[in-house]
Amino acid sequence: MNIVIAPDSYKGFATSDQAAGWLADGVAEVFPDAAITTAGMADGGEGTAARFSGETITLPTTDAAGHLTEASYRYDRAAKTAYIDIAAASGLPAVADKLDALTADTYGTGVLIADAQTRGAQRVVLGLGGSATTDGGMGILVALGAAPHDKRGYPLPKGGGLLDRLEHIDTANLNVAAAGMEFVLLADTTAPACGPNGSAAVFARQKGASDEQVTHLDTALMQLCEVTGIDPDLKASGAAGATPVGLIWLSRLIYGTDEHIHLLPGAAVVAQELGLPEAIAKADLVITGEGRVDEQSSHGKVISQIAQLVDAAGYNTSEKSAPVLAIAAAEFGAQPGENVLAVQLDPGKDVADQLRAAGSDIARKFQERCIQA
């Protein structure tokens with residue numbers, strides 16, 4: 001029997017690698033002779049950079065509130081590629097006690113990008129999940145030497161709140177070497193930059209925005225799209241507070257085309273890096289999970305990607321039955337598919353014990369399904 005275990009992290013409780021290991025322990029109690037493949041997943045959010053090889057670089061920078069902090073990224077010298085999580089410097093947990101949706105910015109992430117270029121990087125793979133920002137990537141642009149101005153020529157303060165006053169972006173002092181790197185943007189959502197399903201409307205409240213501020217930020221991002229010429233309805237451009245808007249504009253400014261910037265589904269890229277399409281094609285049971293399963297889970301998150309790979313394996317298989325998909329979550333805000341084995345974690349135990357118990361429960365349910373078949 002081949003079993004693949006590929007969960008996302010259970011934020012604040014377990015990394016994806018820990019979760020995979022604990023789920024595997026539980027499965028092995030029921031199927032001690034099974035071949036179990038574990039692969040901690042990520043979708044562009046926190047922990048994505050760690051899915052790639054390279055040395056860890058740590059340096060001083062600023063968090064989303066502008067306070068001094070330290071952040072790390074991965075750098076593969078041979079490939080001249082830096083793997084950076086926007087959550088590392090501009091993430092939500094670091095500023096959870098001082099949320100300000102209007103002024104939070106991505107400047108600290110820009111510092112990491114600029115540093116990578118000085119080390120020889122020619123390519124940046126940027127994970128876009130988990131940011132505390134809704135600034136359209138303007139903080140990154142400022143860190144790379146750009147300067148947003150209003151119609152009077154005055155520079156705009158940090159954050160996305162005043163982008164509704166944006167008239168033009170001055171590039172006289174642009175760090176062209178850093179701005180000209182190839183950017184691969186790994187989105188954890190399919191949301192566009194603006195509108196009722198856009199970045200502000202869907203995500204800004206969890207970053208501290210009131211209903212009035214959500215409307216204001218959506219207007220501000222629309223103005224940014226107007227000035228930069230980026231389609232506000234572009235799929236996945238709403239990731240990380242619409243950071244793709246600023247970076248797509250920057251790359252087009254340098255090259256005149258989109259050939260050097262790529263906006264991709266993060267979970268699909270990570271799954272490919274980990275060899276999951278091949279592993280799942282051979283699997284009998286595939287287990288994934290995250291803290292909460294809700295409507296967002298089907299829009300670019302790990303669970304949706306694993307489900308797609310399971311569906312693809314079922315469609316392409318001819319020598320074996322299709323893999324069975326199982327999901328372990330602390331909370332189900334949306335019901336999984338009809339044929340999915342769903343197990344809810346028991347909050348009364350230590351998280352490791354919860355996940356081991358969930359693994360055992362899934363294995364028993366799978367065993368029963370096999371017997372009935």
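In β12, A329 is the bridge partner of E290. This register belongs to the pairing of β11 with β12, which in this predicted model is parallel and extends over 8 bridges. Helix α12 packs on the sheet and touches β11, β12 and β13, its direction making about 150 degrees with that of β13.

The sheet itself is open and has 5 strands, in the order β2-β1-β11-β12-β13, with parallel pairing. Its edges are formed by β2 and by β13 (341-344), each of which pairs on one side only. From one strand to the next, the twist averages 20 degrees.

**Helix α1 and its surroundings**

Helix α1 comprises 15 residues, 16-30. At 1.5 Å a residue these should span 21 Å, and the end C-alpha atoms lie 22 Å apart, so the helix agrees with the expected span. Which residues of α1 are buried? They are S16, A19, A20, W22, L23, A24, G26, V27 and V30. In general, an α-helix has 3.6 residues a turn, so residues three or four places apart point the same way. The cover over the buried residues of α1 includes the strands β1 (2-5), β2 (35-38), β11 (285-293) and β12 (324-332), together with helix α12 (351-372).

**Antiparallel hairpins**

Strands of a sheet pair through backbone hydrogen bonds, either parallel or antiparallel. The antiparallel sense is found between β3 (residues 55-62) and β4 (residues 68-76), which are joined by 8 bridges. Within this pairing, T58 stands opposite S72 of β4. The two strands β3 and β4 form a hairpin with 5 residues between them, and G66 in the turn has a positive phi of about 90 degrees.

Strand β4 also pairs with β5 (residues 81-85), again in the antiparallel sense, through 3 bridges. Here D76 has T81 in β5 as its bridge partner. A hairpin is likewise formed by β4 and β5, with 4 residues between them; in its turn, K80 has a positive phi of about 50 degrees.

**The loop residue T48**

T48 lies in the loop between β2 and β3. Is this residue buried or exposed? T48 counts as buried because its relative accessibility is 2%, under the 20% limit for that class. Its side chain reaches the backbone nitrogen of G44 at 2.9 Å. Leaving aside residues up to four places away in sequence, T48 touches A42, D43, D85, L186 and V270. One of these contacts, D85, falls within the residue range of β5.

**Cysteines C194 and C225**

A disulfide is a covalent bond between the sulfur atoms of two cysteines. The structure holds 0 disulfides. Why do C194 and C225 not form a bond? The sulfur of C194 has its closest cysteine sulfur in C225, at 4.2 Å, which is too far for a bond; the cut-off is 2.5 Å. Seen from C225, the closest cysteine sulfur is that of C194, at 4.2 Å. Both cysteines are buried, as the table records.

| Residue | Relative accessible area | Closest cysteine sulfur |
|---|---|---|
| C194 | 3% | C225, 4.2 Å |
| C225 | 4% | C194, 4.2 Å |

Notes
Residues numbered from 1 in each chain as written. Predicted model: local features only at pLDDT ≥ 70, side-chain atom pairs only at ≥ 80, totals over all residues. Heavy atoms only, no water. Pairing = 2+ DSSP bridges. Buried < 20%, exposed > 50% of the residue type's maximum accessible area, 1.4 Å probe, protein only. Expected span 1.5 Å × (residues − 1). Contact = heavy atoms within 4.5 Å. Axes fitted to C-alpha atoms, helices over the stretch in contact; angles between N-to-C directions. Polar contact = N/O pair within 3.5 Å; in protein donor to acceptor, adjacent residues only side chain to side chain.
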